[in-house]
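Work through the exercises below with the structure open beside you. Each task is followed by a solution that proceeds step by step.

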Amino acid sequence: MFDLTFTVDARDTTTPLTLAIDQMVIAGWTGRDPVARDKHIKELQEMGIAPPASTPIYYRGAARRLTQQERIECTGGDSSGEVEFVLIGWQGRIFVGCGSDHTDRKVEAYNVTVSKQMCDKPIASTLWELEDVIGHWDRMILRSYATIKGERVLYQEGTLDAMLPVADLIARGFEGGKFPDGCAMFGGTFAAKGGIRPADRFDFELEDPVLKRTIKHGYDVVTLPVRG
């Protein structure tokens, strides 16, 4: 277990909050539309990555892979980010954040679970209360930008109505349908515009167009050499 400090944006007030996190879950293949979900599966299959054993599927990773730093270090040049909403449980409440499931694609090609352990998982330092946004959940927008050789391009964009509803996602993945305290769960992602590819920098955000606010974060990717 370790602590991360966030700022909870409760619409008209902000409050610092330190949360103890003892498990990280990465939900995959959470698309509500089977056509879009299968498109992403095909996208990865073209890279040699086997289809999932089930949809959705819940991968476990070390909680200490979560980071709020603005730089991560990755071995080799085969990793890339994916914007996702993040749910965090605390004292029976659920907060909503935004993160990047940064993953080594070369490792993912032979074992997805192992690949989830290879890279840090950047997460923004702002959270919202789930109860403040659940009424218009489907209208919220996930978006990411990749900076590749100095050019910043829109990499992913979509509304959460493309993902399984929160209640469904929790009911399928956790015993008794209760989201546990101390758990941080990534909720799935969208297909990349132009295909999955590495970037020098990855910026991601979750926009709430109803309450007119956005959670943002970005990080540089430092590539470490592979010496054999």
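**Exercise 1. Determine whether Val114 is buried, partly exposed or exposed, and find the surface patch to which Val114 contributes.**

Val114 has a relative accessibility of 34% and therefore counts as partly exposed, where buried means under 20% relative accessible area, exposed means over 50%, and partly exposed lies in between (1.4 Å probe, protein chains only). Its place in the chain is helix α3, residues 112–116, helices being DSSP runs of H or I with at least four residues and strands being runs of E with at least two, numbered from the N terminus. Together with Tyr110 and Met118, Val114 makes a nonpolar surface patch of about 300 Å². Such patches are built from residues with over 30% relative accessible area and no salt bridge, with like charges joined within 9 Å and nonpolar side chains (Val, Leu, Ile, Met, Phe, Trp, Tyr) within 5 Å; the areas come from the Shrake-Rupley method with a 1.4 Å probe, and for residues only the protein chains shown count as cover.

The model is predicted, so local features need pLDDT of at least 70 and side-chain atom pairs count only at pLDDT 80 or more, while totals for chains, interfaces and linings use all residues. Residues are numbered from 1 along each chain as its sequence is written, and side-chain values use heavy atoms, with hydrogens and water left out.

**Exercise 2. Describe the salt bridges of Asp120, Glu205 and Arg152, stating for each pair where the partners lie and how accessible they are.**

A salt bridge here is a side-chain nitrogen of Lys or Arg within 4 Å of a carboxyl oxygen of Asp or Glu, and a search of the whole structure finds 17 of them.

Step 1. Asp120 and Arg65 meet through their side chains at 2.8 Å, N to O. The pair links distant parts of the chain, 55 residues apart, with Asp120 in the loop between α3 and β11 (121–122) and Arg65 in the loop between β4 (57–61) and β5 (66–67). Asp120 is partly exposed at 21% relative accessible area, and Arg65 is likewise partly exposed at 25%.

Step 2. Glu205 and Arg143 form a salt bridge of 2.4 Å, N to O. This pair joins strand β16 (residues 201–208), which holds Glu205, to strand β13 (residues 141–148), which holds Arg143, across 62 residues. Both Glu205 and Arg143 are buried.

Step 3. Arg152 bridges to Asp203, with the closest N and O atoms 3.7 Å apart. Arg152 belongs to strand β14 (residues 151–159) and Asp203 to strand β16, the two being 51 residues apart. Arg152 is partly exposed, with 48% relative accessibility, whereas Asp203 is buried at 12%.

Step 4. Salt bridges with shared partners also join Arg143, Glu157, Glu205 and Glu207 into one network.

**Exercise 3. Which residues touch the most other members of the largest nonpolar core, and which strand gives the most to this core?**

In soluble globular proteins, nonpolar side chains tend to be buried together. A nonpolar core is a set of buried Ala, Val, Leu, Ile, Met, Phe, Trp, Tyr and Cys residues joined through side-chain atoms within 4.5 Å. The largest one has 67 residues, of which Leu87, Trp137 and Leu206 touch the most other members. Strand β8 (residues 83–90) gives the most to this core, contributing 6 residues. Leaving aside residues up to four places away in sequence, the contacts (heavy atoms within 4.5 Å) of Leu206 include Phe85, Val96, Trp128 and Ile215.

**Exercise 4. Characterise the aromatic pair of Phe85 and Trp137, and then that of Phe174 and Phe179.**

Rings of Phe, Tyr and Trp (its six-membered ring) pair if their centres lie within 6.5 Å, and planes under 30 degrees apart count as stacked, over 60 as edge-to-face and the rest as tilted. The structure holds 7 aromatic pairs. Phe85 and Trp137 are edge-to-face, at 5.0 Å centre to centre and 85 degrees between the planes. Phe85 lies in strand β8 and Trp137 in the loop between α4 (130–133) and β13, so the pair ties together parts 52 residues apart in sequence. Both Phe85 and Trp137 are buried. Phe174 and Phe179 also pair edge-to-face, at 5.2 Å and 80 degrees, and they are buried at 8% for Phe174 and 6% for Phe179.
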